[in-house]
Amino acid sequence: MTDTVTLHTYFRSSCSARLRIALYLKQVPFTPVYVNLLKGEQSSPAHLAINPSGTVPALVIQHDSKAPITITQSLAALEYLEEAFPEQGPALLPPASDPETRAAVRTLADIISCDIQPVTNLRILKRVGQLGAERADWAKDLMEDGFRVYEAVVKKSAGKFSVGDSITIADLCLIPAAWGAQRFGVDLGQFPVTNEIVKNLEMEEAVKKGHWRSQGDTPDEFRIKE
């Protein structure tokens, strides 16, 4: 059905990591195209033609029987992967017959995507710095606020992972956000349920393969040593 899947990605992009992990979980082969955000490659004419927002990720699927599709928002791409490859890998959403649990997954994913991840965005941090704020402290405080909310909500649904014992879209958003928070000095230990979920996720092979320190564009000084 599918000819090729390409992921425009950057090693430290948490939104890109969501899709890397999902593709590994779904066992969908893909070709990474590395976009160096620090060098401004996201603003090149070639990249803007793919993703007009000048961000990553961009998931491009070239089919043998229909026109190519480009998805430039990670949550939309995650749901696409679930719907396009329902028989491959684990389900990333509970079944449609369980709308309440599906809503719980989406709520947790939105807490990450709306309240936590945006304050780590390079464009946002640059503009905050221009206003004279200490951008690392600013981001750390807001991330802690977001994780406090996640902790309060996830207590109601957690099993091994955020919603029961299966990895869902909520977890695919959580784990890269946790990596980002740790880089900013957030102590996840103050959120014990969330922290335990993060530890469980880090044992998963797809998560290890999608880790920001394991990518082809990860600089040597950050790369996980075998």
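Two residues are in contact when heavy atoms of theirs lie within 4.5 Å. Keep that in mind as you work through these exercises on a predicted model.

**Exercise 1. Find which residues Thr218 is in contact with, leaving aside its neighbours within four places in sequence, and decide whether Thr218 is buried or exposed.**

Step 1. Start with the location: Thr218 belongs to the segment that comes after α9 (205-210).

Step 2. Next, list the partners. With neighbours within four places in sequence left aside, Thr218 is in contact with Phe11, Trp212, Arg213 and Arg223.

Step 3. Look for a polar contact. The Thr218 side chain reaches the backbone oxygen of Trp212 at 2.6 Å, and the cut-off for such a pair is 3.5 Å.

Step 4. Now the accessibility. Buried means under 20% relative accessible area; Thr218 has 3%, so Thr218 is buried.

**Exercise 2. Work out how Ser214 sits in the model: what does its side chain reach, and how far is Ser214 from Phe11 in space?**

Step 1. Ser214 is also found in the segment after α9.

Step 2. Its relative accessibility is 31%. Partly exposed covers the range between under 20% and over 50%, so Ser214 counts as partly exposed.

Step 3. Not counting residues up to four places away in sequence, Ser214 touches Lys208, Lys209, Arg223 and Ile224. The side chain of Ser214 reaches the backbone oxygen of Lys208 at 3.4 Å.

Step 4. Finally, compare sequence with space: Ser214 and Phe11 are 203 residues apart in sequence, yet their C-alpha atoms are 8.1 Å apart.

**Exercise 3. Describe the packing of helices α5 and α6: at what angle do they pack, and which residues meet?**

Step 1. Two numbers are needed, as packed helices are described by the angle between their axes and the distance between the axes.

Step 2. For α5 (residues 122-130) and α6 (residues 135-154), the angle is about 125 degrees and the axes are 9 Å apart. That angle makes α5 oblique to α6, and the crossing is right-handed.

Step 3. Identify the residues that meet. Ile124, Leu125, Lys126, Val128 and Gly129 come from α5, while Arg135, Trp138 and Ala139 come from α6.

Step 4. Check both sides of α5. Asn121 caps the N-terminal end, with a side-chain oxygen 2.9 Å from the backbone nitrogen of Arg123. After α5 comes Gly132, whose phi is positive, near 95 degrees.

**Exercise 4. Do the same for α7 and α8: at what angle do their axes cross, and is Asn195 in α8 buried or exposed?**

Step 1. The axes of α7 (residues 169-183) and α8 come within 10 Å and cross at roughly 95 degrees. This makes α7 roughly perpendicular to α8.

Step 2. On the α7 side, the meeting residues are Asp171, Leu174, Ile175 and Ala178; on the α8 side, they are Thr194, Ile197, Val198 and Leu201.

Step 3. Asn195 lies in α8, which spans residues 192-201. Asn195 counts as buried because its relative accessibility is 17%. Leaving out residues up to four places away in sequence, Asn195 touches Leu188 and Gly189.

**Exercise 5. Set out the two annotated domains: which residues does each cover, and what is the helix and strand content of each span?**

Step 1. An unreviewed UniProt entry lists "domain: GST N-terminal" at residues 3-89. That span is 33% helix and 23% strand, with end C-alpha atoms 19 Å apart.

Step 2. The unreviewed entry in UniProt places "domain: GST C-terminal" at residues 98-220. Here the chain is 63% helix and 0% strand, and the end C-alpha atoms are 45 Å apart.

Key
Residues are numbered from 1 along each chain as its sequence is written. This is a predicted model: local features need pLDDT of at least 70, side-chain atom pairs count only at pLDDT 80 or more; totals for chains, interfaces and linings use all residues. Side-chain values use heavy atoms; hydrogens and water are left out. UniProt positions are given in the numbering used here, feature names are shortened, and annotations may be inferred rather than shown by experiment. Helices (H or I, at least four residues) and strands (E, at least two) are DSSP runs, numbered from the N terminus. Buried means under 20% relative accessible area, exposed over 50%, partly exposed in between (1.4 Å probe, protein chains only). A polar contact is a pair of N or O atoms within 3.5 Å; within protein, one must be able to donate a hydrogen and the other to accept it, and residues adjacent in sequence count only if both atoms are side-chain atoms. Axes are lines fitted to C-alpha atoms, for helices over the stretch in contact, and angles run from 0 to 180 degrees between N-to-C directions. Angles under 35 degrees count as roughly parallel, over 145 as roughly antiparallel, 65 to 115 as roughly perpendicular and the rest as oblique. A crossing is left-handed if the near helix is turned anticlockwise from the far one by less than a right angle, and right-handed if clockwise.
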